[in-house]
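User: Hey, got a minute to go through a structure with me? I'd like to talk about helix packing and charged pairs.

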Amino acid sequence: MDAFYASVEERDFPQLKGRPVAVGRAEGRGVVATANYEARKYGVHSAMSSREALQRCPHIIFQPPRFKVYKAVSQQIHQIFAEFTDIIEPLSLDEAYLDVTHNKKSMPSATILAKEIKRRIRETTMLTASAGVSYNKFLAKIASDYDKPDGLFVIEPKDAVAFIATLPVGKFYGIGKVTAQRLNALGIVTGADLQRLSLAEMTALFGKSGLFFYDIVRGTDNREVVVDRERKSYSAESTFENDLASRFAVVTELYRLEQRVWSEVGKEGKLGKTVTLKVRYADFTTITRSWSAEDYIGTFDEFHKAAKTLLHKVDFENKTVRLLGIGISNLKDAESEYGRQLRMRFK
């Protein structure tokens, strides 16, 4: 879906049309869950702090999240998917993989089928979706982001390797901003640069993920669409170009990771009980610390407090940090507890 939460807000509150909108809370430690395309023109994006969003776009309008509404719309969309295929792998409220090889409409063309799905979504929800059509998950995902909003992009098998060669490395699944910068510093800028690397070189760069990247840059991704895929946790981690040498630097980077995680938790309308911290020192020694709350964690402040508590249990004396990670697990839907959903705010 295109800017899903924000698009639902614009649909339900027409006075927002044509104005920059972010879903989240403006005050305190608010985090942007979704920004509409007007707001994105100012550089506002999901997981950004509300404070920074206001600095970039002072006239932005913040709408409090309405997870019950978003989930209801998501259910409508998935009902439409089910008209075409039973092989559906949901990734979040607003995104899914569909295997339409043998579809219910007996359509020989996935492109025609994608057009029909888009039409049905618009007709039913008054919202737009973007579709990516290809022969594997990696390429379908890339294609779905290629022509937003209201896009439809097709990558045929004969064009796959050439298309992948043109992609910046930051577009590859699993390559984050820091890793992309490290690759760029090594002269690896595009998919074509990755295609020239041997399997041994890929493994040296990406460790156990080396084989995955070696395959996908050649257009091979054998992952199947998994029905009823249920996410067990949300997490984010960063490996730093320069080791963190002070507690202040660790706290600052951890806070950024917390915001990323909480944005995803909020986006999917979840609550969690268990918070896990991961720290890897410069010597590659890795430790994890976990803590479980008696009740479900429903605000960013509670999540941040738990992360800080875990951080106090980690030894930083004469040590520098190579990697940080934070996650939340033991999940349930926010709407499943009456009264708890009101606490699920970006505060």
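Analyst: Sure, we'll go through one helix and then some salt bridges; keep in mind that this is a predicted model.

User: Let's start with H6. Is helix H6 mostly covered or mostly open?

Analyst: Mostly covered. H6 runs over residues 137-144, and 7 of its 8 residues are buried.

User: Which residues of H6 are the buried ones?

Analyst: Lys-137, Phe-138, Leu-139, Ala-140, Ile-142, Ala-143 and Ser-144.

User: And what covers them?

Analyst: A mix of strands and helices. The cover includes strands E4 (88-92), E5 (95-98), E6 (131-133) and E7 (152-154), along with helices H7 (160-166) and H11 (210-216).

User: What caps the N-terminal end of H6?

Analyst: Asn-136 does that. One of its side-chain oxygens sits 3.3 Å from the backbone nitrogen of Phe-138.

User: Back to that lysine in the buried list. What does Lys-137 form a salt bridge with?

Analyst: Glu-89, with 2.6 Å between the closest N and O atoms. Glu-89 belongs to strand E4 and Lys-137 to helix H6, so this pair ties together parts that lie 48 residues apart in sequence.

User: Are the two partners buried or exposed?

Analyst: Glu-89 counts as buried because its relative accessibility is 3%, under the 20% cut-off. Lys-137 is buried too, at 7%.

User: Switching topic: how many salt bridges does the structure hold?

Analyst: The structure holds 25. In general, side chains of opposite charge can pair when their charged atoms come close.

User: Give me one within a helix. What's the distance between Glu-52 and Arg-56?

Analyst: Their side chains meet in a salt bridge at 2.7 Å, N to O. Both are in helix H3 (residues 50-56), and because they are 4 residues apart there, about one helical turn separates them.

User: How accessible are Glu-52 and Arg-56?

Analyst: Glu-52 is partly exposed at 29% relative accessibility. Arg-56 is also partly exposed, with a relative accessible area of 38%.

User: What about Lys-319, which residue does it form a salt bridge with?

Analyst: Asp-315, where the closest N and O atoms are 3.6 Å apart. Lys-319 counts as partly exposed at 34% relative accessibility, and Asp-315 is partly exposed at 40%.

User: Which residues do shared salt-bridge partners join into one network?

Analyst: Glu-83, Glu-116, Arg-119, Arg-120 and Glu-123 are joined that way, through salt bridges that share partners.

Conventions
Residues are numbered from 1 along each chain as its sequence is written. This is a predicted model: local features need pLDDT of at least 70, side-chain atom pairs count only at pLDDT 80 or more; totals for chains, interfaces and linings use all residues. Side-chain values use heavy atoms; hydrogens and water are left out. Buried means under 20% relative accessible area, exposed over 50%, partly exposed in between (1.4 Å probe, protein chains only). Helices (H or I, at least four residues) and strands (E, at least two) are DSSP runs, numbered from the N terminus. Contact means heavy atoms within 4.5 Å. A polar contact is a pair of N or O atoms within 3.5 Å; within protein, one must be able to donate a hydrogen and the other to accept it, and residues adjacent in sequence count only if both atoms are side-chain atoms. A salt bridge is a side-chain nitrogen of Lys or Arg within 4 Å of a carboxyl oxygen of Asp or Glu.
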